[in-house]
Amino acid sequence: MRPAHRSKLLVPEGDLEDLALLHCEWALGLDRFAALREPRLALGVPPNARPSDLLGERGGRWVFRFSLPAEDGNRTSVVRISALNDGVVVEHLVVREGPRERLQPSADSPETVRVILDMPGVKPAALRGAAPLVVGERDVPAIVADALELHREAPLVLVSVDNATREPLVSPTELARRLAGMALVVSLSTVGASRRLKDELLARGFSDKFGCFHGGVRILWPGINRHDDPYDHLLILPVRLYGIHERIRTERIAGVFCEMIAEDEDLRAWLREVDPATPRADAPPPAPRASHARMVLASPSPAARASERAGQLHLRERCVEPPASRSHEPEPESEPDPRPARVAPRATAVAPEPAVVEPATALASEEGCDAPEGEASTSAATSDASATNEASATSEAEAPPRGDAATGEASDEATSVAAEAPLEGPRPGAARADALADDDDLADDADDADDDDDLARAEPLRQRPPPRRADTTWSRLAADVVAAADLADELERDLEATRRELMETRKAQRRAEQERDEAVEARFAAASVADALALAESCFSSRLVVLQSARASAGDSPYRDPGRIFEVLSVLALFGRHDGEFEAALQKAMGAQARWRPKDGPETSSRFGAQRTWAGSDGERKLYRRHITVGHGVDPQRCAQIYYDIAGDGRVELAWVGEHRPTVSEDT
């Protein structure tokens, strides 16, 4: 993913509805953007869609996303329009998604941004319009003052001209259009403007590395001061520009600056802000993104959805009913005893009291959960009593039957009554059937009393509310949601730290690339006339002879364009043997910036001939008449002269490379 545009514009007294409608018309290619209608339909925009279908509910903020297929992937635009007290803020982000190997830096401003820039009063004011600011030498002080303004909001992109061709290596007009809404493009139209820029910055205490010259392109960030590192304000030198094809050079440079402007933005957070609606299960599969446009209105953000889900979980937890008690399955009937039953004549079977089990108590015992703190003693007592009853019943069942006094055999009815009797005290196990029959009334009274006691003990359990479990499914789910949110926050912090490290790495990489480009430029660039002369001598040692007078004059020359001196010497070394060929080649290569003369005028030679006489390679002094004038006027910083002659072996003898020699006229 690479950014292709990032702008933030304030429209004073703007109308949010009209600005939202503007972007809907742009997306569909209607009304004010009718020229885009056919390309939009070809890319998959629904032909029956209308702007009203995309507006939706706005309120004080409107968010919109629009995706289109591109040659190298997808191009997605995200628009945020917010109403403020002093106007409407329009933020626009464009990103390109596709195969990494095909995504090269690129930038281009949307049509809506260029329309907004033509509205009155748009801020930042420096960004109004989509045309470059052309600056001459006299306008440079004002540009420097604007660049040093503390409250400047928009970056400046400076474009200089090549010293040889006097033409920029990137198109200022195209660059301004591609960076519209992001930066102000300033075109330094002459070499003199680049030199004046350097002088103005030096006068304010800046390093000489802050200039923009020889066809280079530089960005000056807001808040620049003389203590800044010049490598933080990127300068793209010609050695890198020449490595990019001229057809796509401006697009690539615009993309580099756009990525730097959007470097501090979380691009994926922008895209997450507008999420597509979740498709239904019965909905048809979406069409391939490579052949259809996609328009998505704003939906709740992930944070809002998480908060809503948490609220729903909370409500559900409060409204959940306690689980119903589990029904007890009837115990399987015991197999009948094959032995004949012996029933006492007056024995009466007593039905046992059904046990009362609380739902919460049963659930806690089944799942192994502890009872609440306030009910621990009651539950413990109940379980102890149950255990005692079971133990007693077991002991009674396992005890040998006590027989009748006469027959020595036990009565089945008597045994069942003894096993099912209440546990206030041990019942006499050897009571006979005839004794039970005689005491029917007493037994009934005892049973009634026992029933009353059981009901009295069970009444508090029925009135007590069911115990609430400390750990429920919904509480565990809520805890998981909280833990997931904490983990997401931690991952977000780690991601932000990683993004910051990546940004610092990119800055270091840009610095290293600029230093490398400067080192490459230094191999073929001359910082002074003396360096230009030495470079030409090393490159054309078999064609040039440099005399001592030429070295001395080059060392004293203040001429400000040593690169041009090297170019002239190169043409001279290649074509200087024949005057006619050399003059044509010089005019073709240098144009009006260099002029060749076979000799000085008679009056100049008679009056100033001594200043054109130097010792040749054979040691003899002679008058040198062939000369080349580089630049215009007689100012030593703007003009220089080269005097030479052709030796007998065909080599070119350089006798003077420095200040303009005295002449009878003021300007040659």
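**Helix and strand packing in the predicted model**

Helix H21 lies across strands S12, S15 and S16, running at about 165° to S12. Helices (H or I, at least four residues) and strands (E, at least two) are DSSP runs, numbered from the N terminus; contact means heavy atoms within 4.5 Å. Axes are lines fitted to C-alpha atoms, for helices over the stretch in contact, and angles run from 0 to 180 degrees between N-to-C directions. The model is a predicted one, in which local features need pLDDT of at least 70 and side-chain atom pairs count only at pLDDT 80 or more, while totals for chains, interfaces and linings use all residues. Residues are numbered from 1 along each chain as its sequence is written, and side-chain values use heavy atoms, with hydrogens and water left out.

The sheet beneath this helix is worth a look. Its five strands form an open sheet with mixed pairing, in the order S11-S17-S16-S15-S12, where two strands pair if DSSP finds at least two bridges between them. S11 (544–546) and S12 (594–597) are the edge strands, each pairing on one side only. On average, neighbouring strands of the sheet are turned by 25° against each other, direction ignored. Within the sheet, S15 (residues 626–631) and S16 (residues 639–646) pair in the antiparallel sense over six bridges, and Thr 629 stands opposite Gln 641 in S16. Helix H20 also packs on this sheet, touching S11, S12, S15, S16 and S17 (652–658), and its direction makes about 150° with that of S15.

H20 (residues 562–575) packs against H21 (residues 579–590) as well, at an angle of about 150° and with the axes 9 Å apart. That makes H20 roughly antiparallel to H21 (angles under 35 degrees count as roughly parallel, over 145 as roughly antiparallel, 65 to 115 as roughly perpendicular and the rest as oblique). The crossing of H20 and H21 is right-handed; a crossing is left-handed if the near helix is turned anticlockwise from the far one by less than a right angle, and right-handed if clockwise. Residues of H20 in this contact include Val 568, Val 571 and Phe 575, which meet a set in H21 including Phe 582, Ala 585 and Leu 586.

A further partner of H20 is helix H18 (residues 529–539): the two axes come within 8 Å and cross at roughly 30°. That makes H18 roughly parallel to H20. The contact is made by residues including Leu 533, Ala 536 and Cys 539 of H18 and Ile 565, Phe 566 and Leu 569 of H20.
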